Amino acid sequence: MSEHVTSITTYLVIFFALLVLTGVTVGVAYVDLGPLNDVVAMAIAVFKASLVVLFFMHVKNSRRMTKITVVSSLFWLLILFGLTLSDYWTRGFLG
Amino acid sequence: MSESVDTFGRRLHYLNADFGVKSWLLTRDHKRIALLYLISITIFFALGGLMAVGIRLELATPQGDLVQPDTYNRLFTMHGVLMIFFFLIPSIPAVLGNFLIPLMIGAKDLAFPKLNLASWYIYNIAGFFTLWAVAQGGVDTGWTFYTPYSTTYSNSYVIATALGVFISGFSSILTAVNFIVTIHRMRAPGLTWFRLPLFIWAHYATSLVIILGTPVIAVTILMVAAERLLHIGIFDPALGGDPVLFQHLFWFYSHPAVYIMILPSMGVVSELIAAFTRKRIFGYKFIAGASVAIAVLGFLVWGHHMFLSSQSVYAGMVFSVLSMLVAVPSAIKVFNWIATMYKGSVSWDTPMLYAMGFIGLFTIGGLTGVMLATLGIDIHVHDTYFVVAHFHYVMVGGAIMGYLGGLHFWWPKMTGRLYPVFWSKFAAIIIFVGFNLTFFPQFLLGYLGMPRRYHVYPADFQVLNVMSSAGATVLGVGYLIPLVYFVWSMRYGKRADRNPWGAIGLEWNTGSPPPQHNFHEIPTVDWDAYGYLPDTPAGTGESWGIAVPTQRQDRTQDDG
């Protein structure tokens with residue numbers, strides 16, 4: 001099976017992108033965006049995590065089985081968050 | 001198939017191919033690692049059992065007259081921690097799964113033999129870590145480590161014990177990764193997914209649960225440690241946290257962990273029922289699919305542990321319905337096993353006695369689980385002995401019965417020796433009687449309102465408690481008898497041939513004990529699992545030593 005070889009340039013670009021995004025996260029923390037504070041911070045974090053998974057962990061050029069594994073683990077995370085939130089979001093319904 | 005022999009003409013196998021402590025401690029042979037695990041988990045089972053002795057002795061009288069309340073808290077906590085994390089979770093996968101998966105799929109070993117050995121070392125390091133915590137004074141939070149008690153108030157060794165559990169998780173994960181890769185990549189030619197023994201399907205499903213669930217408990221334990229040491233507010237309301245969040249995260253792993261314990265046991269029972277009824281298993285694909293369904297649904301039900309935790313009543317309803325759904329694949333398995341037995345040529349050998357024990361006890365455990373999933377009933381019996389009885393019927397009556405059944409079925413394969421038939425049947429019956437005497441009264445106690453985790457109780461409850469303590473003694477004797485005759489058999493037992501039960505499966509087509517690399521030639525499989533002929537008699541315990549040939553076995557021998 002031929003392995004896809006990622007070039008050093010790609011690694012460096014991703015690395016600097018992660019550094020820049022870390023800087024953005026810190027910078028945004030000094031700006032009060034109201035309810036968007038958490039949303040922006042989480043969005044940047046998710047984007048960074050995606051870069052790590054796709055490039056540093058080689059998922060982008062992996063076989064379909066590996067991709068299915070990654071997607072299903074994300075689905076499991078969704079179950080964890082979703083059913084937990086089904087508790088928190090409905091606690092006030094009884095008034 | 002040609003057998004290797006040593007210079008004295010003795011048959012070479014994995015037990016005599018190498019000698020010395022180093023050949024065991026540095027082995028990469030899955031069969032030897034399985035035996036190493038067998039020794040380790042037996043030690044932890046004995047230690048967990050000793051804690052149970054302490055609990056049952058204390059509860060023989062209504063007064064708290066044997067141990068201090070604080071000591072009692074530590075006894076039941078350590079009983080739970082040792083039995084769940086260091087015995088039940090690794091028991092069948094690490095011993096029987098490790099030994100049998102490569103043999104059943106016609107492989108020479110697991111995919112990652114060094115990781116397999118590493119998992120045993122990690123397990124032992126975790127075990128010693130936890131035992132160190134016990135020696136220092138133990139932990140008193142209950143095996144559930146509920147916050148904020150565990151993070152703020154308990155002055156016992158919470159972090160040390162929890163880190164022991166954390167480390168043992170890595171051992172589980174390594175085993176599970178090994179199984180999944182092995183089952184995907186190393187099946188013998190022709191061994192398609194739907195030709196696999198159901199034992200393999202069960203272990204595949206279990207491995208999925210381990211990989212998806214264990215990281216969550218690991219992260220949760222780290223958060224407990226972070227809150228306790230660094231006072232970061234995650235679970236403690238005083239620090240801005242939420243204690244119920246801990247319960248969500250804890251049970252996201254710990255409820256599926258029940259399926260980590262029971263699914264492999266179900267895999268064993270499928271093998272036993274087919275072998276001792278001489279029939280193709282009824283509804284093969286449904287039983288295989290039910291294993292995966294239980295693994296998936298098992299992740300959607302954790303909130304039923306939290307009906308009285310201030311969890312939203314709407315979430316409670318959702319979890320209640322989802323919990324009842326798990327009963328469907330579980331019932332599919334039980335009905336299919338019974339349908340397999342119908343008009344089968346049933347023989348009551350020792351492993352079959354355990355399989356029958358499993359079906360009866362698991363059914364009681366499962367049905368009381370449905371009761372507990374019902375919101376109204378759970379509010380009445382929550383945190384009472386009813387719950388204790390329920391999960392012991394599943395974990396001890398289910399998981400341990402399956403483990404012992406499997407051990408008795410494959411012991412001749414693992415050691416090349418037979419054990420005494422009479423004593424093994426005697427022990428199986430003693431265990432069944434002792435188990436019911438111990439735990440059935442606890443259903444009644446719980447229904448009458450006796451709470452769990454208390455070391456004093458009203459005098460009215462004494463008769464049932466004495467019955468339970470007496471049963472525990474019988475159960476303890478029942479567990480000791482196999483320990484004695486298994487050890488005895490390794491030296492004095494009659495030698496087993498390759499297939500003492502006349503069973504079908506690749507593991508029975510190689511020597512007992514198997515050669516170092518399992519098969520002299522990798523087999524090619526062109527048949528479905530469990531191809532028993534209706535009129536083929538079972539290899540019974542009485543006729544041990546005489547292999548009963550089946551058409552399948554004849555053919556594979558001809559092939560060799």
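The second largest cavity of this predicted model encloses about 100 Å³ of space. Its lining is formed by Y37(B), F85(B), I89(B), P90(B), P93(B), A94(B), Y123(B), S168(B), S171(B), S172(B), T175(B) and I210(B). Two elements of chain B, α3 and α6 (158-185), each give two or more residues to this lining. Helix α3(B) supplies the largest share, with five residues. In chemical character, the lining of the second largest cavity comprises eight nonpolar residues, four polar ones and no charged ones.

A search of the whole structure brings the number of cavities of 30 Å³ or more to six. The largest cavity holds about 120 Å³ of space. A set of 13 residues lines the largest cavity, and P197(B), G505(B), L506(B), W527(B) and A529(B) are the closest to its centre. Here the lining is made up of nine nonpolar residues, one polar residue and three charged residues.

From the cavities, the description turns to the nonpolar cores. The largest nonpolar core contains 174 residues, and those touching the most other members are L96(B), F199(B), W337(B), Y403(B) and W410(B). Helix α3 (residues 69-105) of chain B gives the most to this core, contributing 23 residues. Apart from the largest core lies another one of five residues, including I14(A), L18(A), L21(A) and L51(A).

The surroundings of F199(B) offer a closer view of the largest core. Residues up to four places away in sequence aside, F199(B) touches I92(B), L96(B), G97(B), L100(B), I101(B) and M104(B). The other residues touched by F199(B) are G267(B), V268(B), E271(B), W410(B) and Y530(B). Two of these partners, L96(B) and W410(B), are themselves listed with F199(B) among the core residues that touch the most other members.

Another residue worth a visit is N465(B), found in helix α15 (residues 462-492) of chain B. N465(B) counts as buried because its relative accessibility is 0%. Beyond its neighbours within four places in sequence, N465(B) makes contact with R56(B), L59(B), L445(B), M450(B) and Y457(B).

Finally, a word on confidence in chain A. Its mean pLDDT is 91, and 96% of the residues of chain A reach 70 or more. Within chain A, helix α1 (residues 8-29) has the highest confidence, at a mean of 95, and helix α3 (residues 64-88) has the lowest, at 93. In general, predicted coordinates should not be read in detail where pLDDT is low.

Conventions. Residues are numbered from 1 along each chain as its sequence is written. Chains are lettered from A and ligands numbered from 1 in the order in which they are written. This is a predicted model: local features need pLDDT of at least 70, side-chain atom pairs count only at pLDDT 80 or more; totals for chains, interfaces and linings use all residues. Side-chain values use heavy atoms; hydrogens and water are left out. Helices (H or I, at least four residues) and strands (E, at least two) are DSSP runs, numbered from the N terminus. Buried means under 20% relative accessible area, exposed over 50%, partly exposed in between (1.4 Å probe, protein chains only). Contact means heavy atoms within 4.5 Å. pLDDT is the predictor's confidence in each residue, from 0 to 100. A nonpolar core is a set of buried Ala, Val, Leu, Ile, Met, Phe, Trp, Tyr and Cys residues joined through side-chain atoms within 4.5 Å. On a 1 Å grid over the protein atoms alone, a cavity is a set of points where a 1.4 Å probe fits but cannot get out, and a pocket is an open set with protein on both sides within 12 Å along at least five of seven lines; lining residues have an atom within 4 Å of a point. Grid points are joined across faces, edges and corners, and a volume is the space filled by probe spheres set on the points. Ala, Val, Leu, Ile, Met, Phe, Trp, Tyr, Cys and Pro count as nonpolar, Asp, Glu, Lys and Arg as charged, and the others, Gly among them, as polar.
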